[in-house]
Amino acid sequence: MGEKPVMVVGLDDSEHSFYALEWTLEHLFGPSPPPFKLLIVHAKPTATSVIGLAGPGGADVLPYVEADLRKISSSIAEKAKKICSAKSVNDVVVEIVEGDARSVLCDAVEKHHASMLVVGSHGYGVLKRTVLGSVSDYCAHHANCSVMIVKRPKIKA
């Protein structure tokens, strides 16, 4: 029997993506040996994309923004590792890749020959999805593997 297929889980700093990771670990990585090699990918935005609208003086804050983005990315990676460890999934690789999440995730699928990509859904409405773009929608149409979009259940009041 050959190597296990690779599953890529896209992670950002939202509750939705961490929910998708936890759901995946609970439902697809049971007590028996996991059926996939797990790769968690976080797309770190570029500092210039974050302060792109800052105007004059924006270059002065670039190093500070970059440092904050690195700190946030490290925090996301550590939180992901803790969640995996708590679910007894210790054979996990976490990659932090700079760039737009849509491209980063589709590139990771290609690079690692992934069989599945898991992303969370923010649950944006039509207007927000149109303005912001939907990573999950883009990946569903462009990733060269199966894409599972995990939605967080709505809390009924």
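How many helices and strands does the chain have? The points below take up this question and then turn to the interior of the predicted model.

1. Overall architecture. The chain of this predicted model contains six helices and five strands. Followed along the sequence, these elements occur in the order β-α-β-α-α-β-α-β-α-α-β. The pattern therefore begins with a strand and ends with a strand.

2. Burial, contacts and surface. The chain has 157 residues, and 34% of them count as buried. When contacts between residues at least 6 apart in sequence are considered, 77% of those contacts join residues at least 24 apart. The accessible surface of the chain amounts to about 9700 Å², and carbon and sulfur atoms account for 56% of that area.

3. Helix α1. This helix covers residues 15-28, which is 14 residues. From its first C-alpha to its last, α1 reaches 19 Å, close to the 20 Å expected at 1.5 Å a residue. The buried residues of α1 are S17, F18, A20, L21, T24 and L25. Because they cover an arc of only 155 degrees around the axis, these residues lie on the same side of α1.

4. The largest nonpolar core. As a general matter, nonpolar side chains in soluble globular proteins tend to be buried together. In this model, the largest nonpolar core has 19 residues, and those with the most contacts inside it are M7, L21, L25, L38 and I40. Two or more residues of this core come from each of β1 (6-11), α1, β2 (37-44), α3 (58-86) and β4 (116-121). Two of the core residues named here, L21 and L25, also appear among the buried residues of α1.

5. Contacts of I40 and a separate core. Once neighbours within four places in sequence are set aside, I40 is in contact with V9, L11, L21, A80, C84, V92, V93, V94 and E95. Apart from the largest core lies another, of 16 residues, which includes L105, A108, A114 and C145.

6. Cysteines. A disulfide is a covalent bond between the sulfur atoms of two cysteines. A search of the whole structure finds zero disulfides. C106 takes part in no disulfide, and the nearest cysteine sulfur to that of C106 belongs to C139, 4.2 Å away. Why is the sulfur of C139 not bonded to that of C106? The two sulfurs are 4.2 Å apart, and this is too far for a bond, because a disulfide requires cysteine sulfur atoms within 2.5 Å. Both cysteines lie in the interior: C106 counts as buried at 9% relative accessibility, and C139 counts as buried at 0%.

7. S121. This residue is found in strand β4. Is S121 buried or exposed? With a relative accessible area of 12%, S121 is buried. Leaving out residues up to four places away in sequence, S121 touches H16, I149, V150 and K151.

8. T46. The position of T46 is in the loop between β2 and α2 (47-50). T46 is partly exposed, its relative accessible area being 24%, since burial requires a value under 20%. With residues up to four places away in sequence left out, T46 touches L69 and E98. T46 and R70 are separated by 24 residues in sequence, and their C-alpha atoms are 9.9 Å apart in space.

Notes
Residues numbered from 1 in each chain as written. Predicted model: local features only at pLDDT ≥ 70, side-chain atom pairs only at ≥ 80, totals over all residues. Heavy atoms only, no water. Helix = DSSP H or I, 4+ residues; strand = E, 2+ residues; numbered from the N terminus. Buried < 20%, exposed > 50% of the residue type's maximum accessible area, 1.4 Å probe, protein only. Contact = heavy atoms within 4.5 Å. Areas by Shrake-Rupley, 256 points an atom, 1.4 Å probe, with all protein chains shown as cover. Expected span 1.5 Å × (residues − 1). Arc of directions from axis to C-beta. Core = buried A, V, L, I, M, F, W, Y, C linked by side-chain atoms within 4.5 Å.
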